[in-house]
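Please open the structure in your viewer and keep the selection panel at hand. The stops below say what to select next and what is there.

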Amino acid sequence: MAREERRRNEERNRKGVKAVPATMAGGGNNEEELSPDDEHIISASEEEDGSDDESKHAKLLEAISSLGKRKRMKRTERSEASVQVSEFSVNADGTGEKVNLSDLLGTMDKTPGAPNKTKQQLKNLQNRKETLELPLSKQQTEKIQREVAYDKSSKEVSRWETVITQNQKAEQLVFPLRQDPTGPKRMEQVVAGWKAKTPLEKEIFSLLHSNNQPIHDPLLTPAEEASIKAMSLEEAKIRQAEFRKARVLQSYYEAKARRERKIKSKKYHKLQKKAKVKAFLKQFDEMMKTDPAGALEELKKMELSRMQERMSLKHQNSGKWAKSKAIMAKYDDAARKAMQEQLEMNKQLTQKLVVPSDDDDDEERNVEEADALPDFVNDPEPILDSVNPWMRGKLTQEHSEPEVTAVATETAVETKDEGQNGQREDEEEEENEEEKLLREFERKRKLRQDEDDDLVPVPQEEKQVIPVDVAEAEEVAGENVIQISDDEDKEEEEEEVVVSEFNSLFNRLMKSSSVPPVPEQTGAEEAELLDEGLVRVRTMDDLEALQQDVVMDTTQPAPASATPAPSMETTSEPPKKKKKKKGIDPNEVLTKEAKVIKMPLAPTVVEEEEEEVHAEQTAIIKEAFAGDDVISDFLKDKRKQEKAGQAEVVDLTLPGWGEWGGVGLKPSKRKRRKFRLKAPAPPLRKDQNLPDVIISEKRNSSVANHQVSQLPFPFQNSTQFESCVRFPVGQTWNTQTTFRKLTAPKVVTKMGAIIEPMSKEDLPPVKESSGAGSGATIVLGEKVEEETKKARRRNPLQKKKKKSRQ
Amino acid sequence: MKVKVLCRNPDDYVRETTRDIQRVPRNYDPTIHPFEVSREYTRALNATKLERIFAKPFVASLDGHRDGINCLAKHAKTLSVVLSGACDGEVKIWNLSKRECMRTIQAHEGFVRGICSRFCGSSFFTVGDDKTVKQWNMEPPGRGLQEEPLNTILGKAVYTGIDHHQTEGTFATCGQTVDIWDEQRSSPIRSFSWGVDSFSCVRYNPVETELLASCASDRSIILYDMRESAPLKKIIMQLRSNTLCWNPMEAYNFTCSNEDYNLYTYDMRRLDVPVTVHMDHVSAVLDVDYSPTGKEFVSASFDKTIRIFPKNSGHSREVYHTKRMQHVICVKWSADNKYILSGSDEMNIRLWKANASEKLGLLTPREKAALNYNQKLRDKFQHHPQVRRIARHRHLPRDLFKQKRELREMKEARRRKAQNVRKHSKPGSVPLVTEKEKHVVSVVE
């Protein structure tokens, strides 16, 4: 249709008529039909200013002219105002009129206000020959609109994804999602909904209003409210106490500093300085031990200062003070000493450093030379693994020495005012404690901040935790099931034998479980199905009967699938790791004494008694079974079993076929060979290398009824499933709290509470970078990986630990 | 002489009051509690048996309507109030705790097609076959006064469904078009149509409250945004969908009940393939409603049963039926996640427990702990054949059972046929079509 119209437009253009592009696709047809009338209409419109009569006349003429022609579509007139106007029924009086652009824009040149630019554009437009492109059809525009809207809304909806996945993964969901926080409410909140009703109240209110008392306005700023919301009362109290203490300490320090600054005694300040140096050295030593990297930093700093000293002439005894001292030195002992000190310092600082070399004799020299410097200068760079003592530098072990050397110069001074010094040291200690406190506060605050704006992601442990538990459980179980004690031999080989025997007991399980049946889709599907039947279950007996049915059901198809179906053990035997087995001569093993199996249910008996009892018991047993040759019986039994399991040779030779037959004649060798069918060898027996064990590999149907034959859907392998089953949840095996945690229901609802659908308030606040949000159970504003969240949710213990660490 | 005396702190073993449980010191040494798995297995088995024995889901039946019940609605703010509309134009308001009818209104002539409560619970809307939308006060009129609607809007065509916005005073009706109404106005503020002239259901999204979805007679489901002038998207399925319901906890998921006996859960962002196909009914599914927790939904079917599906499972976990219940036309899940209401052809509203074996009323902490433990055990051993067999056993009426078997056979035959066709044709020429893909004909943008 559109193409047709365009063609028509082109035609019109050729005629030299500029067409205004039609907007409606259907418009063209109408136009075509109406074209004969064009002239009339034009004439009518030209005489627009004429009277009604003329128009009536024109209509009449039109009617007459149309009489003879074929029936034309009736044009409807729009007679009354209505909201909906059909596109087909518009009365288009001027349909045929061609409006030229030049007609419309003819006045453009005359208007002075029009800018030149637009005029130019219009001129260009006039000169253009090709027509404008048609606008898209209604269907197409609508389609585009729809697409855009759909994209927008689906994007909008996707915001919920994080919340939804979180809720899906949550161990427990508590509904309704938004529950009012318990606890006391502030006065304003309580008062907000209340209004004065009685005359007395009204009077009081009016009085209050007249006095400009605050009634409704909040007493707290929004920030304060937010902070109140952010922490609980106790926390706030603790924090407040900390603040108070910190403030007190701060003021105390300030006062102290002021006091010290006022002291004029040079001696005091000198001592102070020295004490500082000492303290620094001590700290540095500490640092070397704990934080080698930091120590290195410090060392570099010291180096730098040393270099600066060397470059400057500070200790050259050339200053003002030194000159005065030099004069005094003749008479004053102390001054001489001070000069000496200065010189020594200078020497120390200006000494050239020797690069440490690997050779031994060099090293000795180095030690001598480097005496002046603290030893750690020569230390190799701190090595990352601080655990390895061999990797550390040797010299670091002699930390005490440099201290001594450094202090040595001071000793004389120190001895003079020991009492004072001691006091000061005490003070220093106190200071240290206070500083420690302050630092502690700082650290705590930082931690809390961290927690506030980003809950520290806890490494996801859940997955690792379970296997560990399982392993432990396994071990425990392994120990508990049977303890095989061997009194006499404690040789390794013997032990290995025991282990391998033990292992092979479980080997079957292991093998069966190591080949997990692939969970089929159909199986999973089937697992979901309800067993809908005609039987109505009302009592326990019915249920028992149901069980019987199961037995029947499972036994019937069993033979078909008995051999290939690897059954999964549900009982508690844990699969143990395979160890290297040794081939053992059965006779050798069998000569040994029978092993005593200790059952787990005798932990209270005292060891010695047990041994006695044990000896007695063996004696009794020996006496009782004196005549029985149990071992040979057992061996016979085993051989029989092995033989029964072996494949038999089937002889299908028919005498007389293809050759002569009769009494005394035997079928030929070739034929016999050909028709003797050997069944494939059965798989190796599990007890092949276990001389004193018979392992029956027949499927026990009574147990099989209770076993899971296929790996259930969510599990990846059989060990996973087994561990899941093995872990008991009951109160008998778990403490009260663990029990409660293990049996927590997945969905918790409140009785009689309406569960509202999720609302926009549950949506996490939109951030530029991340969109993680609050689930039903936890309200975290920050982006923490979901896994860690999950883990944390699973072990609330972790949370506790973290709290206690604070 | 020094005498050593055993001494114990009485706090460790003396009860504070006689109502307390005796303190039993426990030793959790695993060696003295052997066979944990087998013991727990037995417990699990017993727990499953007990669960099945106590599974008595039917709570009450509310009778009083004189024609089949066509629609149900929950009160938005009260758990105990339920509204129902019948095929004779009668609307009844029920008190569930007393199990009695509080009020009866002759609302329409002909069917009451749809009913919904306003979000504040102060009034409710009904639409009927008489081409009217009526707003009613939730409170009964004073003594001696007539039941009069608060508002009546006379439309041009029959309205077939109505739903109210979650937080605002707007509602949506469907009929020849899907119309969005402002409560204050008598003409729709917006009306959507997209090549269809009859809709059967329209539902607001309870989470993203501006979104809507409707089921149309041309087998399509159409999505709308109230703020846009045009619909968003359309899926055409193989058979017609009767109703749909949005998941109240997952903004983009909805489930529709279809004429082809199945239910389909869609993600509105990926409409070409349903997320899950829920099969089990043996006749057309007429209504569906989500549990308020968004974990499960309930469906009502023409096969006279109600089924409960986990939202991501292909098969139902529960089936409810009684001898007297005929075609179930409407179903609702109560807002506290405890009950299910079903309205059926034979003029009764039935109240069911959502969890068949749940004990109603308050539970002592010990009871609760025991139930939780049992639940946990059942979950833990659910894959074991005996437990599974008992837990999954359900009674079905004979004809239903037969129908089900028949359907299964048909399905199997079809599958076999497809398999054979594939086997005997050029490899790759007959592609494997999954069950999910089968039911969507096209997605129209």
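Begin with strand β6 of chain B, residues 112-117, in what is a predicted model. Five of its six residues are buried, and therefore strand β6 is largely enclosed by the rest of the structure; the threshold behind the word buried is a relative accessible area under 20%.

Add residues 123-128 of chain B to the selection, which brings in strand β7, paired with β6(B) in the antiparallel sense over five bridges. To find one of these bridges, pick B:Ser117, whose partner in β7(B) is B:Phe124. Five residues lie between the two strands of this hairpin, and B:Gly121 in the hairpin has a positive phi near 80°.

Next, select residues 69-74 and 100-106 of chain B, which are the strands β2 and β5. What is the order of the strands in the open sheet to which they belong? The sheet has four strands in the order β2-β3-β4-β5 of chain B, with antiparallel pairing, and β2 and β5 are its edge strands, each pairing on one side only. On average, neighbouring strands of this sheet are turned by 20° against each other, if direction is ignored.

Within that sheet, narrow the selection to strand β4, residues 90-95 of chain B, together with β5(B); the two pair in the antiparallel sense over six bridges. Here B:Trp94 can serve as the marker, since its bridge partner in β5(B) is B:Cys101.

Now widen the view to the whole of chain B, which contains five helices and 30 strands. Of its 445 residues, 53% are buried, and its accessible surface comes to about 20,700 Å², with 50% of that belonging to carbon and sulfur atoms. Among the contacts of chain B with a separation of 6 or more, 49% are between residues 24 or more positions apart.

Finally, show chain A alongside chain B, and select the residues where they meet: 88 residues of chain B are in contact with 84 residues of chain A. The two chains bury about 7,900 Å² between them, 61% of it on carbon and sulfur atoms. B:Met249, B:Arg389 and B:Arg392 are worth selecting together, as these residues supply 9% of the area that chain B buries against chain A, more than any other three residues. Nine salt bridges are found across this interface, and a last selection of B:Lys49 and A:Glu544 shows a salt bridge between their side chains, at 2.9 Å from N to O.

Technical notes. Residues are numbered from 1 along each chain as its sequence is written. Chains are lettered from A and ligands numbered from 1 in the order in which they are written. This is a predicted model: local features need pLDDT of at least 70, side-chain atom pairs count only at pLDDT 80 or more; totals for chains, interfaces and linings use all residues. Side-chain values use heavy atoms; hydrogens and water are left out. Two strands pair if DSSP finds at least two bridges between them. Axes are lines fitted to C-alpha atoms, for helices over the stretch in contact, and angles run from 0 to 180 degrees between N-to-C directions. Buried means under 20% relative accessible area, exposed over 50%, partly exposed in between (1.4 Å probe, protein chains only). Contact means heavy atoms within 4.5 Å. Accessible areas come from the Shrake-Rupley method with a 1.4 Å probe; for residues, only the protein chains shown count as cover. Buried area is the accessible area (1.4 Å probe) that two parts lose on being put together, summed over both. A salt bridge is a side-chain nitrogen of Lys or Arg within 4 Å of a carboxyl oxygen of Asp or Glu.
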